[in-house]
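Biologist: Could you take me through this model, please? I would like to see how some of its helices pack.

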Amino acid sequence: MPNATTRPKRDYGTAFVHYLLALNLAPGLKDYARESFRVTLFKWTEELDSLGRVQDLFDCYEQALELFPVDEVIVNSMGEHLFRMGFRDEAAGHFHKALKLRPDFAEAKENFYRAANWLVERWHFLMLNDRRRNQKYRQAIQKAVESGCSTVLDIGTGTGILGMCAKQAGAARVYACELSKTMYELACEVVSANGMNGTIKILHKKSLEMEVPKDIPERVSLVVTETVDAGLFGEGIVESLTHAWKHLLLPPQNPQDPYSSPALTGRVIPAGATVFGMALECSEIRRHHRVCVLEAGGLSLCAMGGVHSPVSCSLDADDSTEPYTTERLSQVPGGYAALTEPFRALDIDFNSVQELEGLCSREGSRFRLPVTRDGMLDALAMWFELHLDKETSLSTGPQEDTCWEQAIYPVQHLSECSLKAGDELLVEVSCKDSCLRIHAIAVVRDGLVTSLDDSASGPVCGQTLGTEAELCSALASLQTGRSGSQHACVLESSEIAMINNVQYHESYSRALEKLLRALRASRGPQGGEGAEPNPLYVLDVSEGFSALPLMVGRQASVKAYSSVEKQRHQTLLRRLAKENGLRPDSLEFWLCRAGEDNRDAASAAPSDSGTTMLQRPSSEQLWSAIVLDCVEICGLLRQKLMEKATLARCLLEDGGRIFPERIVMYGQLVESDALLQESAVQGRELTLGFDIAPFINQFTVPVHVFLDLSTLCCKHLSEPTELFVLDLMNSSANHTSQEVKVCTTSAGRLTAIPFWYQLHLDEEISISTFSACSHWKQAAVVLQQPVEVSAGEVVCLSIKVHKNSLSITARKGEEPTTDPTHPNKFMFLSMRNSHSNDGQFQSVLTQKISSSEGMTQSTEQVVFK
Ligand code: 44T
């Protein structure tokens with residue numbers, strides 16, 4: 001028998017099998033064994049997870065659920081595995097079931113909100129609340145159907161709204177397809193609730209996989225679709241329409257025969273689009289995509305020259321980069337200045353398969369744009385007009401009053417580029433991988449061309465220009481010699497904004513220096529003559545890139561440890577260390593030392609990351625300072641923060657400290673329609689006469705993340721108020737509750753409570769996550785039911801912290817709080833911003849899971865019940 005010292009691990013696999021056997025034979029023991037059975041299941045499935053034995057893992061859960069079918073902890077935990085593996089629909093079903101079993105199950109609630117945020121993107125609410133857009137689409141569809149288009153396919157139906165418009169307008173047969181499973185199920189439910197069950201055939205399919213007659217019995221005379229994103233082509237409309245013309249639509253109208261019957265020819269709504277572009281100066285975009293500071297916390301940042309964000313449309317961009325980001329320019333913090341007039345960049349006719357097919361093989365078009373004012377060239381922006389038909393268009397432009405964002409192509413050259421009024425900017429618009437790209441090539445000033453090519457070393461090549469032909473030849477010579485920057489390194493845009501956040505670095509350097517000085521003084525002179533003093537150990541457990549260890553490592557007799565995992569981050573830190581003349585041993589990487597267990601840290605559950613790193617620097621040493629990363633970029637507190645703080649405290653030497661030592665959360669009462677608009681379908685009115693709100697509103701989440709509070713359209717109903725204090729040096733407050741009274745300063749409808757944090761590094765130095773240079777965004781709680789308040793009234797917020805989630809209820813004045821199911825209860829969760837549904841639900845595994853009865857049922861519960 002192996003003894004305790006030789007046995008490498010507890011054998012949870014064998015234990016699990018024994019539990020199964022025993023409990024199946026003696027079900028009477030179930031209650032007694034429940035707790036230890038769960039532990040065994042979780043430990044064993046964790047092991048299976050790390051070994052990649054996915055099928056075995058889910059088999060174990062299925063067996064466990066056969067024994068304990070209504071055990072909410074097991075149901076929730078299975079949901080967590082499903083979610084991490086990308087089976088988000090199924091995961092949501094499990095979280096929902098767990099919540100049904102125990103409505104106050106905080107973890108399941110948090111998980112459900114996170115899943116809802118992924119499954120139903122927030123823009124669905126914006127679009128359904130956009131009455132003008134809805135009416136325009138309905139009008140165009142109605143006209144087409146009335147003119148004879150009798151068979152209709154709605155590609156990317158979402159909630160089913162456009163398909164229902166077609167049916168209501170009198171189309172004989174309507175088909176719809178939707179690639180997201182959740183949206184597909186939602187559409188089925190909405191269509192049947194509106195009495196159109198059986199009259200619209202809805203398929204859970206990507207249109208590109210559809211065929212006649214396998215999926216639909218006939219070619220259709222009208223395709224309606226709104227599968228467009230801010231960059232127009234990002235949802236794949238070019239491919240889907242090309243495919244639709246070849247396989248799903250009747251042949252297009254023959255221009256020679258304009259009177260051919262619409263019932264026998266095919267057409268598309270929208271009929272086409274015009275794309276516009278413009279150059280702009282925008283400090284907010286600049287600080288997120290280009291390192292703008294030369295020095296921070298006493299560190300020279302020149303080695304950061306080659307750093308750029310993962311948004312790049314340059315030709316040598318690789319797969320990891322996105323060609324554009326998005327921004328609602330009318331609300332960008334700090335505003336923007338147009339450096340050119342908007343120009344017409346591209347026209348596309350969706351009714352011409354030749355145009356659709358030829359789009360990506362088209363030569364890029366070049367434009368000479370007169371620069372209309374002096375400014376820094378920070379980005380090119382694009383937006384479009386969607387021509388639904390000959391009469392009706394929708395615009396997504398920055399000047400329009402719409403919910404649309406614009407596509408932003410940050411200009412990321414090595415050197416800054418100042419434009420002057422009277423210059424000409426040369427840009428190229430092209431289409432690669434079915435994605436629109438716009439690229440600044442050169443500036444013409446006083447007849448001299450200066451290349452903006454990022455791989456050229458600085459502004460190059462002056463050439464006198466006269467004719468257009470000379471310009472062309474000048475450009476041709478500029479285009480050669482793409483070499484790629486030697487020191488290119490990609491950092492997330494939030495990491496670039498952090499590097500540019502001078503205040504953040506100055507504050508941290510100052511606070512750390514103060515502490516280390518004090519510790520050195522308290523140790524007094526050490527060792528004998530010439531002996532190296534014992535170093536002070538500092539650990540930075542920031543989640544992404546962080547230059548703080550370098551700033552600390554500059555100081556004498558300090559050993560700084562960075563926890564950055566990515567190779568490119570380590571390379572960049574080493575380069576910075578070298579450039580700043582740091583002793584090679586003053587910076588080390590903590591992960592490398594932590595060994596085996598951390599090799600897979602990137603793939604480990606988010607809840608595990610961070611805590612494994614919290615260990616002593618060596619068996620005889622303790623840390624002088626530990627930097628904890630407390631706030632996510634999205635504006636929420638990091639998961640397991642208090643656990644980490646408690647752990648970190650145990651690893652500190654006498655007098656050592658955690659940074660920040662204290663976090664104060666602030667909030668403000670506001671009335672904000674903008675937040676309501678993206679949180680749920682508003683009002684009691686039907687949407688275009690259809691009942692949609694109750695179905696999609698099940699996916700309402702109480703916390704909105706990634707907000708820019710400085711430009712949020714809202715009316716302040718109170719001053720910023722301290723809501724909560726987390727004392728990282730003293731408390732491990734996992735369960736707390738407290739009441740905060742807030743006095744209103746104006747009358748209004750309290751609809752939301754935005755919140756942010758003040759991070760206190762020590763008694764004197766603090767930083768806010770809500771400042772003009774902050775790399776953090778803010779978050780807000782949106783109340784399910786607004787509270788009418790008058791000026792000078794007291795609103796009582798009851799704040800409860802339970803493990804990682806914090807819930808607050810809002811009520812007026814001195815009314816008693818009793819109702820635990822109060823509608824304005826909300827939670828602070830760790831949620832990502834919405835991402836597109838990937839539609840990868842067809843795998844063998846999912847089919848297997850969906851075919852098990854409990855699963856299908858619980859999924860339906862989420863969506864429909
Ligand atoms: N976001 C707009 C993009 N689909 C809209 O699964 C504007 C973003 C936006 N289904 C702020 C404001 C706004 N076959 O449910 C989705 C998607 C589905 C397909 C079947 C296909 N080939 C496709 C392609 C997409 O179509 C639905 C709509 S995509 C619309 C994107 C308010 N931020």
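The conversation below turns to two helix pairs and one annotated repeat.

Modeller: This is a predicted model, in which local features need pLDDT of at least 70, side-chain atom pairs count only at pLDDT 80 or more, and totals for chains, interfaces and linings use all residues. Residues are numbered from 1 along each chain as its sequence is written, and side-chain values use heavy atoms, leaving out hydrogens and water.

Biologist: At roughly what angle do H8 and H9 cross?

Modeller: The axes of H8 (residues 131–146) and H9 (residues 161–168) cross at roughly 40° and come within 9 Å. Helices are DSSP runs of H or I with at least four residues, numbered from the N terminus. Axes are lines fitted to C-alpha atoms over the stretch in contact, with angles from 0 to 180 degrees between N-to-C directions.

Biologist: Which residues make that contact?

Modeller: Tyr137, Arg138, Ile141 and Val145 of H8 touch Leu162, Cys165 and Ala166 of H9; contact means heavy atoms within 4.5 Å.

Biologist: And at roughly what angle do H1 and H2 cross?

Modeller: The axes of H1 (residues 12–25) and H2 (residues 30–50) cross at roughly 145°, coming within 9 Å. Among the residues that meet there are Phe16 and Leu20 in H1, and Phe37 and Trp44 in H2.

Biologist: Where is the TPR repeat?

Modeller: An unreviewed UniProt entry annotates residues 72–105 as "repeat: TPR"; the positions follow the numbering used here, feature names are shortened, and annotations may be inferred rather than shown by experiment. That span is 79% helix and 0% strand, and the end C-alpha atoms of residues 72–105 lie 8 Å apart. Strands are DSSP runs of E with at least two residues.
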